[in-house]
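I opened this one to see how the pieces sit against each other. Notes follow, in the order I looked things up.

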Amino acid sequence: MIALILEERCTGCDACVLACPSHVLDFAASGDGPPRIARLDQCQTCYLCELYCPVDAIYVAPDQRAAETVDPDAVRASGHLGRLRRDQGWNVAEDAAPLEVYWRLGPLLGQGAEIAADRYSADHPEWERPPSPFPRPGR
Amino acid sequence: MTIERPALTVETDVLVIGGGMAAAWAAIGAAQAGAEVALVDKGFLGTSGVTATGGPNHWWVPPDPAERAAAVERRHASSLGLAERSWMHAILETTWRNLPRLEGYYPFAADGSGRTYYSGVRGPEYMRALRRYAEDLGVRILDHHPALELLLHQDGSVAGAAGYARLDRRDWSARAGAVVLATGGCAFRSGLLGSYNNTGDGHLMAAEAGAELSGMEFSVSYSLSPVWASTRTLPYTAARFYDADGAPLDIPPPGAGAAHLQGLARALEAGPVYADLEDAPEALRPILRRIQPATPPPFERRGLDLFKDRFQVALFGEGTIRGVGGLRIAGEACETTVTGLYAAGDTATRELVTGAISGGGSLNSAWALTSGLIAGEAAAGRTARDGRRADGAAHPAGRAGLRPAKSARSVDGRAAITLAGTQILEPTKALWRKAATLDASRLLLGDLWREIADHAGGEAGLPAIAAREAVAVTAMARWCTAAALARAESRGIHQRADAPATDPTLAKRLLVGGLDTVWTRFEAFASAEAAA
């Protein structure tokens, strides 16, 4: 669940308030400053607020079942801030080809499933192996 | 203290309700047909729904007649008599023609063999592209405007919808010549990534207007994730599983389908289950975060190396999202059985293209794109023909959660959702359905419905949204349960432990509907093609 909006980074642009699909955030009460985390129980831990934050001011803690208390200094020092947005290639200035390996998703899903099927076959020679439901590697 | 503002009123040709890929394509289809379009969503068009957090692959076969026919035959055989070849061809063709039109909006890259990779797209970029495309076509997008109910003309046809704008803190109402429902499927608040908003709101609104549903028994599907966070499943397909003592568990592989889920469900019933990804493809490790940037953070932020450290797992229910059922499609224009009301994506039944098995992944995406475009265009055509009819009177159709049948009093919506959801999501109930347990669920859900229909609601604003979500989830659970009881056989993802055989006389669709009284009936005749 969302755990922090770092005041020194936040510009009060409210992009996260709009982007949050489940209405966790409210505009700042005073009309300027960081948004308020108003309905944490509605947070689905989708990280999309981090992705939509242009200044990497948001930290989502990893447990979707319960709120977590985090130390802001530890988060600042962790390297996690903005990592997701850079991996996603939304920091356009430094990433011209964010999806160059994306085509490998299907083949890698299939490869993993085949590894599991090979292993199960070896343990259960009688098992009737169905055709892979995933795209085959190399296709 | 919140200051409520005067209500927003909208008049338009076509109103689209929803904010995922089907809603976006519906808005695009209607706008391209020349209609003025407004789109209202509970969340934000771009982040709402399961596509935004996902990475949909679309069913993708080049327009070579032999290749298309072979692909359709292969998939049709696994539909167990409930899909229609004409619809399957339609989604292949429409997807093939339209997905590449996002060029310039979506950063398509190469497919590893020098061609452009169109069929698989990443969620946040796909939804961002669809939003920009819709904006450029002049669609009026109203984010954070959840719909609470439909408005109806005297003759029962759809006149518009009404709801509450939750950031603006004001009511809204919209009049339109036609309405497209694309509010997604329902995962019963299982915690499935991206599904928080998917509470069956559109199904409820449609049913209040008299719409029928179909295929609701095909509502059993799960995905594996760490117990603390639902994620995409790419890294887990090669997982080994262990119990709490570190003893290996003998779980059939993902390719085994139901046996894989049943193996995991049995193990989870016995105690905690841990996954070990030591066998994951080597090639995946360095590029996982470039493919699915949101998959590593749930591990890294707990100080775990997902490829080295064992971690506890859970099954997250996917309900009618990766399941099949939804609003019955009454014709080729994606119309529901209510005049002026159309359905697209996971809000509609996907039996037409996938039959009794999950269309998870590529068929569901191709269906969402196609049904969105078809419904949007048909809605535009209807308004062009009959006008907006915005002058006449219209009455609100919402009942439970808005206008209690008896005295209004506080009803715990969250508890209702948990109780209703458990009836559908509990893996040992769902993967081994039996008349006795289904009937117990039916009775429990009937009592729950009575309680919320009689007493929930009567409050405006945010509490009304929450109440309606509880009502919708309860209604969805009742339809799924009634259908699962009525189909006394096993077929596709509907597996009855007390009727394990497939009954050839039941190769037909099962309709369900009703609110205070839930009814079921098999379609008098399967489609001519399905029967052939």
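Contact, for my purposes here: two residues are in contact if their C-beta atoms, placed from the backbone, lie within 7 Å. Worth keeping in mind too that this is a predicted model.

**Entry 1: a helix of chain B against chain A**

I started with α8 of chain B, residues 284–291, and listed its buried residues: B:L284, B:L288 and B:I291. Around the helix axis they cover an arc of only 80 degrees, which puts them on the same side of α8(B). That fits the general rule: an α-helix has 3.6 residues a turn, so residues three or four places apart point the same way. What do the buried residues of α8(B) pack against? I found α5 of chain A there.

**Entry 2: the A–B interface**

Next I looked at the whole contact between the two chains. On the chain A side I get 44 residues, touching 52 residues of chain B. Four helices of chain A each put at least two residues into that side: α1 (15–19), α2 (48–52), α4 (83–88) and α5 (105–123). Which of them gives the most? It is α5(A), with 11 residues. So α5(A) turns up again, as the helix that the buried residues of α8(B) pack against.

**Entry 3: chain A as a whole**

I then stepped back to chain A. I count 5 helices and 4 strands, and along the sequence they run β-α-β-β-α-β-α-α-α. How does the radius of gyration of chain A compare with that of a compact globule of 139 residues? Chain A has 21 Å, whereas the globule would be near 14 Å. Along its principal axes the C-alpha trace spans about 70 × 35 × 30 Å.

The domain split is next to these numbers in my notes. Domain 1 of chain A takes residues 2–94 and domain 2 takes 101–139, and their C-alpha centres lie 37 Å apart. Buried residues come to 42% of the 139 in the chain. Of the contacts with a separation of 6 or more, 54% are between residues 24 or more positions apart.

**Entry 4: two odd phi angles in chain A**

As a reminder to myself, most residues other than glycine have a negative phi. I wrote down two exceptions.

- A:T45 has a positive phi of about 55 degrees. I find A:T45 in the loop between β3 (36–37) and α2 of chain A.
- A:D56 also has a positive phi, of about 50 degrees. This one is in the loop between α2 and β4 (58–60) of chain A.

Is A:T45 buried or exposed? It is buried, because 24 other C-beta atoms lie within 10 Å and 20 are enough to count. A:D56 has 17 within 10 Å, so I file A:D56 as partly exposed.

**Entry 5: a helix with two faces in chain B**

I checked the length of α3 of chain B first (residues 65–77). With 13 residues at 1.5 Å each it should span 18 Å, and its end C-alpha atoms are 18 Å apart, so the two agree. Its buried residues are B:V72, B:R75 and B:H76. Seen down the axis they fall within an arc of 100 degrees, so they line one face of the helix. Turned away from that buried side are the exposed residues B:A66, B:E67, B:A70, B:E73, B:R74 and B:A77. The cover over the buried residues includes α4 (85–98) of chain B.

**Entry 6: the core**

The largest nonpolar core has 207 residues, and B:A27 and B:V180 have the most contacts inside it. Helix α16 of chain B (462–486) gives the most to this core, with 15 residues. I pulled the neighbours of B:V180, leaving out residues up to four places away in sequence; among them are B:V14, B:V16, B:I17, B:Y342 and B:A379.

**Entry 7: domains of chain B**

The assignment for chain B gives domain 1 (8–219 + 320–395), domain 2 (222–317) and domain 3 (413–521). I looked at domains 2 and 3 of chain B, whose C-alpha centres lie 29 Å apart. Here 9 residues of domain 2 are in contact with 6 residues of domain 3. On the domain 2 side, the elements giving two or more residues are α7 (258–270) and β12 (311–317) of chain B. Of that side, α7(B) gives the most, with 6 residues.

Terms used:
Residues numbered from 1 in each chain as written. Chains lettered and ligands numbered in written order. Predicted model: local features only at pLDDT ≥ 70, side-chain atom pairs only at ≥ 80, totals over all residues. Rg over C-alpha atoms; globule rule 2.2 N^0.38 Å. Buried ≥ 20, exposed ≤ 12 C-beta atoms within 10 Å, placed from the backbone. Core = buried A, V, L, I, M, F, W, Y, C linked by C-beta atoms within 7 Å. Expected span 1.5 Å × (residues − 1). Arc of directions from axis to C-beta. Domains from an automatic or database assignment.
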